[in-house]
Amino acid sequence: MAISKILYMKDCGNHFPGKHLKVAIDYILKQEKTQNGMFVAGLNCQPDAAYEQMKQTKIKFGKIDKRQGYHLIISFEEGEVDAKTAFEVIGKFAKEYLGNDYEAVYAVHDNTDHVHGHIVFNSVSFRDGSKYHYKKGDWARNIQPITNKICAEYGLSTIQIEEDRAKA
């Protein structure tokens, strides 16, 4: 069952506003978790320069404070998927959900009992400077349905979205 969840990265102060964003990117790109970077990619940015590119986008549009980025995690049932397939699923999800608006890096970690993917993306669109806004119910309305659709294409399990969560 592929389960997705989203984490927020807030500004952590004047001295280093993007610290949480940088830490998240560095974490998901760790060589020992991604088969020496084999399961790492960027969407609208280069993985090894992602933080700097995201920072420049924020500066360009004057949006360097408050929420810095978002961190999506998609987990699979233990033994259900190999890292290569999970990487394809995560990449398709990132492209469909974020499109051509946000810089993102994504990676698959296969160093645990269950393979899981991470997507870290900028809170500011590099195209028009608009801020990404996660609203209550977006998980059930947008995120999990895309995850389910892509997982179904690969014959992977999906999760049922409760009707009351989809309306919230």
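**Strand 5 and its neighbours**

Author: Tyrosine 70 stands opposite phenylalanine 121, a residue of strand 5. This is a predicted model, in which local features need pLDDT of at least 70 and side-chain atom pairs count only at pLDDT 80 or more, while totals for chains, interfaces and linings use all residues. Residues are numbered from 1 along each chain as its sequence is written, and side-chain values use heavy atoms, with hydrogens and water left out.

Reader: What makes something a helix or a strand, and how many of each does the protein have?

Author: Both are DSSP runs, numbered from the N terminus: a helix is H or I over at least four residues, a strand is E over at least two. The protein has five helices and five strands. Their order from the N terminus is β-α-β-α-β-α-β-β-α-α.

Reader: Why are strand 3 and strand 5 said to pair?

Author: Two strands pair if DSSP finds at least two bridges between them. Strand 3 (residues 69-75) and strand 5 (residues 116-122) have seven bridges, in the antiparallel sense, so the definition is met. One bridge sets leucine 72 against isoleucine 119 in strand 5.

Reader: How do you know that strand 4 and strand 5 pair?

Author: The test is the one just given, and these two strands have six bridges, again antiparallel. Alanine 107 is opposite histidine 118 of strand 5. A hairpin of six residues joins strand 4 to strand 5.

Reader: Why is phenylalanine 121 called buried?

Author: Buried means under 20% relative accessible area, exposed means over 50%, and partly exposed lies in between, with a 1.4 Å probe and protein chains only. Phenylalanine 121 has 0% relative accessibility, and therefore counts as buried. In strand 5, seven of seven residues are buried. His116, His118, Val120 and Asn122 lie on one side, Gly117, Ile119 and Phe121 on the other, and both faces are covered.

Reader: What makes strand 3 largely enclosed?

Author: Six of its seven residues are buried, so the rest of the structure largely encloses strand 3. For the protein as a whole, 45% of the 168 residues count as buried.

Reader: How do you know that aromatic rings form a pair, and how many pairs are there?

Author: Rings of Phe, Tyr and Trp (its six-membered ring) pair if their centres lie within 6.5 Å; planes under 30 degrees apart count as stacked, over 60 as edge-to-face and the rest as tilted. The structure holds nine aromatic pairs. In one of them, tyrosine 102 and phenylalanine 121 have ring centres 6.2 Å apart and planes at 65°, so the pair is edge-to-face. Tyrosine 102 is in the loop between helix 3 and strand 4 and phenylalanine 121 in strand 5, so this pair ties together parts 19 residues apart in sequence.

Reader: What kind of pair do tyrosine 102 and tyrosine 132 form, and why?

Author: Their centres are 5.9 Å apart and their planes stand at 90°, so this pair too is edge-to-face. Tyrosine 132 is in the loop between strand 5 and helix 4, 30 residues from tyrosine 102. Tyrosine 102 counts as buried because its relative accessibility is 10%; tyrosine 132 also counts as buried, at 10%. Ring pairs join Tyr70, Phe93, Tyr97, Tyr102, Phe121 and Tyr132 into a cluster.

Reader: How do you know that helix 3 has the span expected of it?

Author: The expected span is 1.5 Å times one less than the number of residues. Helix 3 (residues 83-98) has 16 residues, for which 22 Å is expected; its end C-alpha atoms are 22 Å apart, which agrees. Among its buried residues are Phe87, Phe93 and Tyr97. Strand 3, strand 5 and helix 4 are among the elements that cover the buried residues of helix 3 by contact (heavy atoms within 4.5 Å).

Reader: What is the bend in helix 4, and where does it lie?

Author: The bend at a residue is the angle between axes fitted to the seven residues ending there and the seven starting there. In helix 4 (residues 138-153), that angle is about 35° at glutamine 144, and proline 145 follows within four residues. Glutamine 144 is one of the buried residues of helix 4, and Trp139 is another. After helix 4 comes glycine 155, with a positive phi near 75°.
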